[in-house]
Amino acid sequence: MRSLWLLLGLALLALSQVQASEEDSLGDLDDLDLTDMDENDEEFLRLLEDKAKAKDVQRENEIASQLAEVQHNLLNPVVEVDLCETIPCGAGRICQIHDEKPECVCIPECPDEIDTRRHVCTNTNETWPSDCSVYQQRCWCDSRDERCANLDNAHMHIDYYGACHEPRTCDGEDLKDFPRRMRDWLFNVMRDLAERDELTEHYMQMQLEAETNHSRRWSNAAVWKWCDLDGDTDRSVSRHELFPIRAPLVSLEHCIAPFLESCDSNNDHRITLVEWGACLELDADDLIEQCDDVKRAKPHMLG
């Protein structure tokens with residue numbers, strides 16, 4: 001390969017030298033004054049022919065130079081890198097380039113939503129025009145922007161789509177029984193996904209174990225769902241990451257909201273696997289061990 005490049009380099013060098021020599025010759029021919037010469041004179045005809053050949057050579061050299069430039073561009077392509085492609089900004093933020101450096105900034109503008117079906121209800125039971133407006137407001141408050149309406153909105157999250165309605169009260173007995181119903185629901189969802197072949201191979205093995213080993217029935221389903229919710233793989237589930245499980249159930253299960261709120265035992269707006277297990281009344285040690293198995297099998301999931 002190196003010898004090939006050497007030969008190519010020598011060929012290009014020789015071509016450039018020949019081109020320079022021919023250009024000098026062409027310059028000499030261009031300086032000749034043929035007006036005083038006899039058109040039938042052999043010397044006149046020879047010079048005229050030489051001048052035409054020189055122009056042909058010049059054109060061939062221009063084409064060769066263009067081809068060499070094309071070949072160089074093919075072998076040495078200029079790749080434009082989008083710096084923002086490597087910057088995950090999260091909900092409510094977009095990447096912009098400032099001083100040739102990428103940075104995440106709050107969404108400058110949300111589209112006007114006329115369709116009321118795009119409205120969303122937050123955990124404060126307040127209706128917002130769209131999910132974009134919620135994320136934008138949360139970003140403003142998190143960055144202490146003057147457009148923040150209330151600093152508490154930095155922890156605001158969407159409960160469900162649609163305008164807010166009067167929430168039903170989850171009494172003591174319903175809330176007390178909810179962990180059991182939640183465990184059953186998680187297991188049934190995992191089973192349905194397995195039957196539709198929509199689980200990874202590792203989770204298929206976990207589901208099969210849950211079917212054949214009753215002691216793993218609920219814990220395996222709980223680990224699967226917690227790892228599935230942990231989208232940024234930081235080994236904790238944020239309020240925002242709870243949205244996929246909260247939004248579809250809140251209108252059907254009036255206890256889902258207070259149940260998930262109770263899972264955040266230290267009120268840091270994140271739910272660890274230990275807190276998740278305690279909320280579902282499962283053995284925390286068993287869950288941690290299982291999640292370590294998931295980590296080893298799919299290292300990109302748990303970080």
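**Strand pairings, backbone outliers and surface features**

In the hairpin formed by β1 and β2, where two residues separate the strands, Asp99 adopts a positive phi near 55°. The structure is a predicted model, and the points below take up its strand pairings, the residues with positive phi, a nonpolar surface patch and a buried lysine. Most residues other than glycine have a negative phi.

**The β1–β2 hairpin**
- Strand β1 and strand β2 (residues 101–106) are paired in the antiparallel sense over six bridges.
- Within this pairing, Ile94 stands opposite Val105 in β2.

**The three-stranded sheet and helix α3**
- An open sheet is built from three strands in the order β4-β3-β5, with antiparallel pairing.
- Because β4 (127–128) and β5 (158–161) stand at the edges and each has a single partner strand, one side of each is left without a neighbour in the sheet.
- Strand β3 (residues 120–122) is joined to β4 by two bridges, the two strands running antiparallel, and Cys121 stands opposite Thr127 in β4.
- Helix α3 (residues 131–142) lies across β3, β4 and β5, and runs at about 170° to β5.

**Positive phi in the loops around β4 and α3**
- Asn125, which belongs to the loop between β3 and β4, has a positive phi of about 60° although it is not a glycine.
- With a relative accessible area of 38%, Asn125 is partly exposed, since this value falls between the limits of 20% for buried and 50% for exposed.
- Arg144 lies in the loop between α3 and β5 and likewise has a positive phi of about 60° without being a glycine.
- The relative accessible area of Arg144 is 64%, so this residue counts as exposed, the cut-off being over 50%.

**A nonpolar surface patch**
- Val81, Leu83 and Ile97 form a nonpolar patch on the surface, and together they have about 270 Å² of accessible area.
- Leu83, one of the residues of this patch, is found in the loop between α2 (42–75) and β1 (93–98), and is partly exposed, with a relative accessible area of 36%.

**A buried lysine in helix α6**
- Lys225 lies in helix α6 (residues 217–229) and counts as buried because its relative accessibility is 12%, where buried means under 20%.
- When its neighbours within four places in sequence are left aside, Lys225 is in contact with Leu186 and Ile245.

Methods:
Residues numbered from 1 in each chain as written. Predicted model: local features only at pLDDT ≥ 70, side-chain atom pairs only at ≥ 80, totals over all residues. Heavy atoms only, no water. Patch = residues over 30% accessible without salt bridge, like charges linked within 9 Å, V, L, I, M, F, W, Y side chains within 5 Å. Areas by Shrake-Rupley, 256 points an atom, 1.4 Å probe, with all protein chains shown as cover. Salt bridge = Lys/Arg side-chain N within 4 Å of Asp/Glu carboxyl O. Helix = DSSP H or I, 4+ residues; strand = E, 2+ residues; numbered from the N terminus. Buried < 20%, exposed > 50% of the residue type's maximum accessible area, 1.4 Å probe, protein only. Pairing = 2+ DSSP bridges. Contact = heavy atoms within 4.5 Å. Axes fitted to C-alpha atoms, helices over the stretch in contact; angles between N-to-C directions.
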